[in-house]
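The following exercises concern the structure shown below. Please attempt each task before reading its solution.

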Amino acid sequence: MLALSGLAWLETIALMTAGGSPRGGSARGGSAARMAMPGMAMPGPSSTARGWTLGAWALMVVAMMLPLTIGPLRSTAARSLWRRRRRAIVEYLAAFVAVWLLAGCVVIAASVVVGPSREHVSRWALPAGLVLAAAWQVTPWKRRALRACHRTAPLAPSGWRAVRDCLRYGADTARSCLRSCGIAMAALALGAASLTTMLVVTSVVVVECYSLRPRAAASAGVLVLLAAVTLVL
Amino acid sequence: MALPGGSTSAQIAARQDIWALAKWDDTVLWYARAVADLQTRSISDPTSWKYQAAIHGHIPETEKLQYWNQCQHGSSFFLPWHRGYVAWFEQIVRAAVKKLGGPASWALPYWNYSNLSKEPNANRLPEAFRERETPDHQPNPLFVEERNPGVNNGDVMGGEEDEHDVSVAALDQLVFEGAGPGGSTGFGGPPTPFHHEAGRSGALEAVPHNTIHNDVGGLMAEFSTAALDPIFWLHHANIDRLWEIWRTEPGRLDPSRTEWLDFSFDLHESEGNPITFTPREMLVTTAPPLSYEYDNLIDPRTKPAAAPPVAVAASVPNVPQQPPKPSAAPPEMVGASQAPLTLSTEPGATEVPISEPTGPITQALASEPHAVHVYLNVENVVSDRPAMSYGVYLNVPDGVDAHERPDLFAGVLAPFGSAQASRPEDPHAGAGLHFTYDVTRLVEQQRADGTWNPSSARVTFLPRGRTPDPAPLRVGRVSLYYHR
């Protein structure tokens, strides 16, 4: 899982440092530090750019969200028969990624709706989105979502029920993950985030996911996200 | 770090078995008076009765989040957190006793409900807690109307004569922290609740901690109200004492991980000032900030004739011996039920199809089969309010009353906390509770007498206890694991 995520990060870095997006437009500001996530809210409408966008979103999900699934994947494997544990993991991940891709479609649709105003919106989407994400950190809904990310689920041992339960578990975790991290992820996508900003947000979500004090970690995340806002302004 | 509260080494408080005291011994009477005093204090006062109870569990109110609702269950912090919680409560009560004119040496008694070989009434609620009035004809603060039927009449815990609910078999656990999912939960519980093993209780927490909570019932039946019943504190003093007994056994070691030793919790001391404590600071009860000891640390199962001449009365440091070598291979699931099961006031059962193991455990089965244990797991147990306890049985033949087969008994399922663990806002995020039973002996017995079916197991749940209007209990899954 970490290897997969690592590969996604390498691909992301490679695309970002290859002189901006390969699919039209250039990073805002033109500096290495502000190179945009390829395919994300790029200035100038382009069907090719829109086609890349879901791929870029998927790359971001694999890089940033998959490390958060280590716990539930271990649980899935441990609660499956040994001979089907790899299948169980694949089923879980398929549902997890599918839910995130569906969310990506919503983000892309929002980007399309914005249309001609895209450049203006993308200028403010990231800082505004990060502020919103910071505010979300301290709400009880965020706390509940973070806890739900750690929920275990009973899995049938074999047959179609086992497939159903693994898919359901992956989808359930993804929905909780979306509620927990979705605002920040949408901000990164709509706001043409830099590599630095992506890394900052990743560190926040990973720390709060694995912290022994999730409430304190979420509160600390507020400060980090607000610091990220100053980076992008 | 020196913590406030506690006594000097010359003022170690001696906790006594309440059943060894007269009904209204001074210790008990002063406790009642102090409880009454604490109950008059405002809930915003950290030394008040309600505030202390809210620490254990409460519907969160934003201004109290740091101190309330922080009770540690289903993790290896269960014992050290409760030790600190009870110790500082004891100091708050002692301060109240002193204020009221009582002895400065007052110590919280413990309820040794397992001591049946020496005290036949041990598994009945102590008498002072059943009286509606104190000796001076005042309403008795130790009496709580809302307990399970029969408890205030002195019925045995759970209403059963089999003594399973007060068993101290947990003392036989060799390691403190358990294995991975499906295997032993250890004496003290698995590492931390905030990961994907939430809801698994250590052996001591499961029995007798959870069983007594369920058997007393009423306020004791839920996290959020349990500490409002004055018997709660004597119950937890005994759980704490059982930890001390376990630690005196050769080879029994507390966790040495710094993540466990140095994890900090927040409470208030007897003056209401905030303090922070760690499990590391909870390991020697006779030293400050704890400064208490037990009048005896004898295993309750010890028969009177075999009792040592001098009881161990001081906190004994762990004997530095090697714990059992943990297995490198994780527990392996060999079977599970296909569908959830709902338990009610009638017996219920489910089938668990079993497969041949195919993972690393096969090596252990080939080379050292005697070292492989079989664990029965009852997983993701949820309810919307307090539910009754169940006896769990392995392979009771169809059509046979499980009462007639005590030889097939696997353990008690006491779902204390199931309602809270079923709520989405709870740390368990609604996943419920998880129970584990070592059924190795049962399986070996059934293999020997030819009644073990290698392709399927039948697990029966027999209602026990007297929970009034119990909620249905939904069991997500029943599974079997092998682990070396």
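**Exercise 1. Identify the residues that Y31(B) touches, and place Y31(B) within its nonpolar core.**

Step 1. Leaving aside residues up to four places away in sequence, Y31(B) touches W49(B), F89(B), V93(B), W106(B), L108(B), F129(B), L142(B), P230(B), W233(B) and L234(B); contact means heavy atoms within 4.5 Å.

Step 2. A nonpolar core is a set of buried Ala, Val, Leu, Ile, Met, Phe, Trp, Tyr and Cys residues joined through side-chain atoms within 4.5 Å. Buried denotes under 20% relative accessible area, exposed over 50%, and partly exposed in between (1.4 Å probe, protein chains only).

Step 3. The largest nonpolar core has 82 residues, and Y31(B), L108(B), W111(B), F129(B), L142(B), F187(B) and W233(B) are the members that touch the most others. Helix α3 (residues 78-99) of chain B contributes the most to this core, namely 12 residues. Helices (H or I, at least four residues) and strands (E, at least two) are DSSP runs, numbered from the N terminus.

Step 4. Another core, of 52 residues, lies apart from it and includes V61(A), L130(A), L188(A) and A228(A). As a general background, nonpolar side chains tend to be buried together in soluble globular proteins.

**Note on the model.** The model is predicted: local features need pLDDT of at least 70 and side-chain atom pairs count only at pLDDT 80 or more, whereas totals for chains, interfaces and linings use all residues. Residues are numbered from 1 along each chain as its sequence is written, chains are lettered from A and ligands numbered from 1 in the order in which they are written, and side-chain values use heavy atoms, with hydrogens and water left out.

**Exercise 2. Determine whether R84(A) and E91(A) are buried or exposed, and describe how their side chains meet.**

Step 1. A salt bridge is a side-chain nitrogen of Lys or Arg within 4 Å of a carboxyl oxygen of Asp or Glu. The structure contains 34 salt bridges over all chains.

Step 2. R84(A) and E91(A) form a salt bridge with an N to O distance of 2.7 Å. Both residues are buried.

**Exercise 3. State how D172(A) and R175(A) are placed along their helix.**

Step 1. The two residues form a salt bridge, in which the closest N and O atoms are 3.9 Å apart.

Step 2. Because D172(A) and R175(A) lie 3 residues apart in helix α7 (residues 159-190) of chain A, about one helical turn separates them.

Step 3. D172(A) is partly exposed at 22% relative accessibility, and R175(A) is partly exposed at 45%.

**Exercise 4. Describe the salt bridge partner and the backbone of D469(B).**

Step 1. D469(B) forms a salt bridge with R385(B), with the closest N and O atoms 3.4 Å apart.

Step 2. This pair links distant parts of the chain, 84 residues apart: R385(B) is in the loop between β8 (373-382) and β9 (389-394) of chain B, and D469(B) is in the loop between β12 (456-464) and β13 (473-483) of chain B.

Step 3. R385(B) is partly exposed at 30% relative accessibility, while D469(B) is exposed at 61%.

Step 4. Although D469(B) is not a glycine, its phi is positive, about 45°.

**Exercise 5. Locate the cis peptide bond between P288(B) and P289(B), and examine S291(B).**

Step 1. The peptide bond from P288(B) to P289(B) is cis, with omega near 10°. P289(B) is found in the loop between β3 (274-277) and β4 (292-294) of chain B.

Step 2. S291(B) lies in the loop between β3 and β4 of chain B. S291(B) is not a glycine, yet has a positive phi of about 55°.

Step 3. S291(B) is buried, with a relative accessible area of 0%.
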